[in-house]
Amino acid sequence: MTAIRLNPLDTAWLLTESRATPNHVGGLLQFRLPDKAPRDFLLKMVADFRGHRTFEAPWNQRLKIPFLKNPLPSWVIDDDIDLEYHVRHAALPWPGGERELGELVGRLHSTPIDLTRPPWECTIIEGLDGDRFALFIKMHHSLIDGISGIKMLERAMASSAKASLKLPPFWAAAPNKVARVSTSRPTPSVANATAAAIEGLSAQARSLPQLAAAFGKIIRRIGDANDGLAVPFDAPRSVLNGRVREKRRFATQQFSIERLRTLASNAQCTLNDVVLALCGGALRRFLLERDALPNKSLTAGIPVSVRPKDDEGTGNAISFIVASLGTDLADPGERLQAIRSSVRHAKAHVQSLPRQAMTQYTLLLMAPTMLTLLTGIGGRTPPMFNITISNVPGPDKPLFFRGAEMVSIYPASIVTHGQALNITCESYAGQMNFGFTACHTSMPSVQKVAVYCADALAELEQAYLVTPQAAPDPAPAKPAAKKRSRKKAA
């Protein structure tokens, strides 16, 4: 049996798994029913899904538990997949809206995946208003990251309704020939593990000067409030950073990308800066209402993909940057410019590293957090950063499956001790879709954060979208007019 060894980052997602902190990610895909769809459209889809026995990697990969002979975890092909387990059918009391759908997804996302099987589940959801249905697909993070997940989604769907009519289920969509999982990798064993370790140490040794310089810079900047570079473990304690419990909450928000880009252009910043500013403004208001806003700004850990554009493999290929969210600033314009500066410094810091040092840098950066989770003290120590915020680029054109147009996709991500809220954004067909995944106990009203993001966008537009009377200043933009919102946080 051919086995594929997990890389260290993927293995970490397995080692830190617990009942209260399952490490799976998900996607809520909403579709519009085809015109004149029969009443049993979804019932037939469930039956067809459960009867389709062709599988492509990684959908047919099962975790092999390590033993003395093969001490490292690995993926092996599972030839006996129980689709009655993997494919589920759920319904909302009609007409189900976004709130009811979010509550169902929160419950589905709360349950750990059975790691003795291929680590994925697909739930077909009916009962939505507006002639819609949804699929909620979740998969363990050790098997997939956001970028690879998007590529798997794109190859499983079509660009027109007609071309999508006879598509197989997602797990049967074949990757491009160049993206097929290689079976020539050595079987994990003590000898092969030793060889891989020596190779890794050699690569790490070559990168030591750059790694030492990078971490030396971080250590020197800790506590330096006058520097634009936000650093790990310099975040304030907040209600977001304690212990979490099993139950999850899930909420969504959606904005036009053109609307966000117009704001970014006027503010002379990036689209991602605007996304962070919306999150910072929403979190500031949420914490103010709870009388729990730290005096020091919250920081965000932002995953950055280091996967080559032509790589359609699975697993994780990411690094992290840490940036300020400007939650200590009441003025929305000043907050956005503080975020812009912080992100620019963080990117310059990571980009100073060579590509071959990225994995070592990420592992060393995440090692303290992994240790707190492994030792059971996660959520009881100072946080590395207050919240994870991801922005995943998705398809820019509408996609179809079985004649149904996908109208939105909302990502659901990981909540763990010390990180009670995760915000992940995914672009699709001109829309930016926000998924808010939270611990039910720590964030019982996470839908408020979603609503406050819309209010934060309106405030930024009020500050920047004013026609200037003079030529624009080439320096970083300032708010065009100081207009204070008449809304007052409770």
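Author: Buried means under 20% relative accessible area, whereas exposed means over 50%. The structure discussed here is a predicted model.

Reader: Why is lysine 138 called buried?

Author: The relative accessibility of lysine 138 is 1%, and the word buried applies to values under 20%, so lysine 138 counts as buried.

Reader: What makes the contact of glutamate 121 and lysine 138 a salt bridge?

Author: The rule asks for a side-chain nitrogen of Lys or Arg within 4 Å of a carboxyl oxygen of Asp or Glu; in the pair of glutamate 121 and lysine 138 the N to O distance is 3.5 Å, and the two side chains therefore meet in a salt bridge. This pair links distant parts of the chain, since glutamate 121 lies in strand E6 and lysine 138 in strand E7, 17 residues apart. Glutamate 121 has a relative accessible area of 6% and is therefore buried.

Reader: Why is arginine 132 called buried and glutamate 98 partly exposed?

Author: Arginine 132 has a relative accessibility of 15%, which is under the limit of 20%, and so arginine 132 counts as buried. For glutamate 98 the value is 35%, which falls between 20% and 50%, so glutamate 98 counts as partly exposed. The side chains of these two residues, arginine 132 and glutamate 98, meet in a salt bridge with an N to O distance of 2.9 Å. Here too distant parts of the chain are linked, with arginine 132 in strand E7, glutamate 98 in helix H4, and their positions 34 residues apart.

Reader: How do you know that arginine 99 and glutamate 103 form a salt bridge?

Author: Their closest N and O atoms are 3.8 Å apart, and the rule accepts a pair within 4 Å, so arginine 99 and glutamate 103 form a salt bridge. Both residues lie in helix H4, four residues apart, about one turn of the helix.

Reader: What makes strand E5 and strand E12 edges of the sheet?

Author: The open sheet has six strands in the order E5-E6-E7-E2-E13-E12, with mixed pairing. Strand E5 and strand E12 each have a single partner strand, so one side of each is left without a neighbour in the sheet. Strand E12 is joined to strand E13 by two bridges, and these strands run antiparallel; two strands pair if there are at least two bridges between them, so E12 and E13 count as paired.

Note on methods: Residues are numbered from 1 along each chain as its sequence is written. This is a predicted model: local features need pLDDT of at least 70, side-chain atom pairs count only at pLDDT 80 or more; totals for chains, interfaces and linings use all residues. Side-chain values use heavy atoms; hydrogens and water are left out. Buried means under 20% relative accessible area, exposed over 50%, partly exposed in between (1.4 Å probe, protein chains only).
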